[in-house]
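User: Could you take a close look at the sheet in this protein and walk me through how its strands fit together? I work at the bench, so a plain, connected account would suit me well.

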Amino acid sequence: MADRAAGLLTPEAIRLDARAAGRDDAVRVCGRVLVDIGAVEPGYVDAMLERERSISTYLGEGVAIPHGTNDGRDLIHRDALAFVRFPEGTDWNGDPVTVCIAIAARGDGHMEILAELAQVLMDPVKARDLRESDEPGRILALLAPPDEEEQTTDPLQNGQGHIV
């Protein structure tokens, strides 16, 4: 994840052994984590449920990114992420979900965060590792920005080259 989102997830906001009876219950579990870490007021959970009922936050590959509606922004104390894994999976309106990354963002930063998360989750190896990892440190590493040596060495990709 790029720098914007990387600093929003803390070890306290990672739950690796959650259970949920379905989509709404999973959203409540995710929202409760955001409440527990002091990022949002309890009413934000209702805004998350409202968002989910209007448009699904399911991304595919067993991952959903629940977040609140614009009306719920006043209930956010600070931008934050919560990572919740459901090892047994939960039904998300017919799709199995094992990982939820909940977002609380006061401004328009949630769009940037969503884009960053989508990039990480489009990598099938990282997505699998997120679904299977048992250590918060590994989750944080998977969602952190790549080290410089991991970044591309193609000069056209990193802006050092030019096209003639």
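Analyst: Happy to! A good place to start is one pair of residues: A82 has A102 in β5 as its bridge partner. Please keep in mind that this is a predicted model.

That pair belongs to the pairing of β4 with β5, which is antiparallel and runs over 9 bridges. The two strands also make a hairpin, with 2 residues between them. In that turn sits N93, whose phi is positive, at about 55°.

Now let's step back to the whole sheet. It is an open sheet of 5 strands, ordered β1-β4-β5-β3-β2, and its pairing is mixed. At the edges are β1 (14–15) and β2 (58–60), each of which pairs on one side only.

From the β1 edge, the next step inward is strand β4 (residues 80–92), which β1 meets in the parallel sense over 2 bridges. Here R15 is found opposite V84 in β4.

On the other side of the hairpin, strand β3 (residues 63–64) runs parallel to β5, and 2 bridges join them. If you want a residue to find on screen, look for A64, which stands opposite C100 in β5.

How enclosed is β5? Of the 10 residues in strand β5 (residues 95–104), 8 are buried, so this strand is largely enclosed by the rest of the structure. For comparison, buried residues account for 45% of the 164 residues in the protein.

It also helps to see where the strands fall along the chain. The protein has 6 helices and 5 strands, and reading along the sequence gives the pattern α-β-α-α-β-β-β-β-α-α-α. Of the contacts between residues at least 6 apart in sequence, 66% join residues at least 24 apart.

One residue outside the strands deserves a visit too. R51 lies in helix α3 (residues 44–54). This arginine is buried yet has no salt bridge, and the nearest side chain of opposite charge, E52, is 7.7 Å away. What R51 does have is a polar side-chain atom 3.3 Å from the backbone oxygen of G68. Beyond its neighbours within four places in sequence, R51 is in contact with T57, H67, G68, T69 and N70.

Finally, for the outside of the molecule, the accessible surface comes to about 8,600 Å², and carbon and sulfur atoms hold 48% of it.

Note on methods:
Residues are numbered from 1 along each chain as its sequence is written. This is a predicted model: local features need pLDDT of at least 70, side-chain atom pairs count only at pLDDT 80 or more; totals for chains, interfaces and linings use all residues. Side-chain values use heavy atoms; hydrogens and water are left out. Helices (H or I, at least four residues) and strands (E, at least two) are DSSP runs, numbered from the N terminus. Buried means under 20% relative accessible area, exposed over 50%, partly exposed in between (1.4 Å probe, protein chains only). Contact means heavy atoms within 4.5 Å. Accessible areas come from the Shrake-Rupley method with a 1.4 Å probe; for residues, only the protein chains shown count as cover. Lys and Arg count as positive and Asp and Glu as negative; His and the chain ends are not counted. A salt bridge is a side-chain nitrogen of Lys or Arg within 4 Å of a carboxyl oxygen of Asp or Glu. A polar contact is a pair of N or O atoms within 3.5 Å; within protein, one must be able to donate a hydrogen and the other to accept it, and residues adjacent in sequence count only if both atoms are side-chain atoms. Two strands pair if DSSP finds at least two bridges between them.
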